[in-house]
Amino acid sequence: MYAIECRDIVKSFGEPPLVVLKSISLSIEKGDFVGITGRSGSGKSTLLYVTSGLDELTSGEVLLSGKNIHEFESKELHLFRNRKMGFVFQFHYLLPELTALENILIPARKFKEEKKRTKYALELMEEFDVIHCRDKIPSKMSGGEMQRTAIARALIMDPELLFADEPTGNLDSENGTKVMDILKEVNRRIGTTILMVTHEPDFAAMAKRQIHLTDGRIDKDSSISRGKRK
Ligand SMILES: Nc1ncnc2c1ncn2[C@@H]1O[C@H](COP(=O)(O)OP(=O)(O)OP(=O)(O)O)[C@@H](O)[C@H]1O
Ligand SMILES: [Mg+2]
């Protein structure tokens with residue numbers, strides 16, 4: 001079973017419809033790390049939103065671990081998302097009034113697992129070099145520290161899937177590299193399947209598989225050029 005399977009997905013906006021994803025089919029193995037590149041407006045973020053159920057499809061199907069997420073009731077989808085998926089965005093969306101540790105524990109709080117996961121939160125903070133920010137609020141942290149905290153938050157529930165939209169987008173190259181090293185390590189050690197959008201060709205090259213979008217279609221897929229997939 002694939003971690004992510006997109007079958008002929010189409011996404012359009014507005015009337016007359018602007019077709020942003022033009023019948024994309026894509027299968028991603030469990031434990032894969034996929035980098036998605038493409039020009040601004042090619043549909044990268046839209047692809048991430050519809051495959052994670054954050055946005056509706058116009059047509060087609062998305063299966064996550066074999067489950068058709070767009071058929072879920074909204075409550076079911078929320079539960080599935082909170083349990084199985086982590087999200088990292090370019091602008092981290094940490095809550096400004098909470099400390100780094102409290103921010104990391106937000107997803108755990110929803111399941112009343114704050115206590116149970118505190119030790120793990122601290123381990124992630126050690127590993128991501130933000131332990132010194134434990135009791136700091138985001139405005140007292142650097143951009144890199146905030147982004148690494150956001151990744152720890154995305155991982156606190158041990159998600160099967162991690163969706164990252166430009167996770168290095170507003171970081172300098174040193175901090176961007178740190179974030180990429182963290183994602184690679186999480187993929188390697190925990191086996192989290194990662195779908196990551198990035199503008200940076202060097203960072204995309206660090207993923208196991210690269211997919212390139214042009215105008216709402218996949219026009220390059222490294223796994224096909226290596227002859228692994230038909
Ligand atoms: N909610 C929306 N309503 C209308 N059009 C939208 C909406 N969201 C995205 N679009 C359009 O869909 C196209 C693809 O947008 P998307 O955000 O997926 O691009 P992207 O590849 O992520 O670009 P970037 O690299 O700039 O982030 C763009 O033309 C955009 O204007
Ligand atoms: Mg985008």
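## A walk from the ligand out to two sheets

Let's start at ligand 1, whose surroundings are Phe13, Val20, Arg39, Ser40, Gly41, Ser42, Gly43, Lys44, Ser45, Thr46 and His199; a residue belongs here if one of its heavy atoms lies within 4 Å of the molecule. Keep in mind that this is a predicted model, in which local features need pLDDT of at least 70, side-chain atom pairs count only at pLDDT 80 or more, and totals for chains, interfaces and linings use all residues. As for bookkeeping, residues are numbered from 1 along each chain as its sequence is written, chains are lettered from A and ligands numbered from 1 in the order in which they are written, and side-chain values use heavy atoms, with hydrogens and water left out.

What sort of residues make up the shell around ligand 1? They split into 2 nonpolar, 7 polar and 2 charged. In that scheme Ala, Val, Leu, Ile, Met, Phe, Trp, Tyr, Cys and Pro are nonpolar, Asp, Glu, Lys and Arg are charged, and the others, Gly among them, are polar. Helix α1 (residues 44–51) gives the most to this shell, with 3 residues. Helices here are DSSP runs of H or I with at least four residues, strands are runs of E with at least two, and both are numbered from the N terminus.

Now for the polar contacts, meaning pairs of N or O atoms within 3.5 Å (within protein, one must be able to donate a hydrogen and the other to accept it, and residues adjacent in sequence count only if both atoms are side-chain atoms). A polar side-chain atom of Lys44 sits 2.7 Å from an oxygen atom of ligand 1. The side chain of Ser45 places an N or O atom 2.8 Å from a ligand oxygen, while Gly41 brings a polar backbone atom to 2.8 Å from an oxygen of ligand 1. On its own the ligand has 640 Å² of accessible area, and the protein covers 57% of that, going by the Shrake-Rupley method with a 1.4 Å probe.

Follow Phe13 away from the ligand and you land in the pairing of β1 and β2, where Phe13 stands opposite Leu18 in β2. These two strands pair in the antiparallel sense over 8 bridges; to count as paired, two strands need at least two DSSP bridges between them. Their hairpin has 4 residues between the strands, and Gly14 takes a positive phi near 75 degrees there. Pro16 is in the loop between β1 and β2 too, and the peptide bond leading to it from Glu15 is cis, with omega near -5 degrees.

Both strands belong to an open sheet of 4 strands, ordered β2-β1-β4-β5 with antiparallel pairing. At its edges are β2 (18–28) and β5 (67–68), each pairing on one side only. Over at the β5 end, β4 (residues 59–64) joins β5 through 2 antiparallel bridges, with Leu63 opposite Asn68. And α1 comes back into the picture: it packs on this sheet, touching β1 (4–13), β2 and β4, and its direction makes about 120 degrees with that of β1. Contact means heavy atoms within 4.5 Å; the axes are lines fitted to C-alpha atoms, for helices over the stretch in contact, and angles run from 0 to 180 degrees between N-to-C directions.

Next up is an open sheet of 6 strands, in the order β6-β7-β8-β3-β9-β10, with mixed pairing. Why is one side of β6 (85–89) and of β10 (217–221) left without a neighbour in the sheet? Each stands at an edge with a single partner strand, so its other side has no strand beside it. On average, neighbouring strands of this sheet are turned by 20 degrees against each other, direction ignored.

At one edge, β6 and β7 (residues 161–165) run parallel over 5 bridges, with Met85 partnered by Leu161. Helix α2 (residues 74–84) lies across these two strands at about 75 degrees to β6, whereas α6 (residues 143–155) touches β6 and β7 with its direction about 165 degrees from that of β6. At the other edge, 4 bridges join the antiparallel β9 (residues 209–214) and β10. Their hairpin has 2 residues between the strands, and Asp215 in the turn has a positive phi of about 50 degrees.
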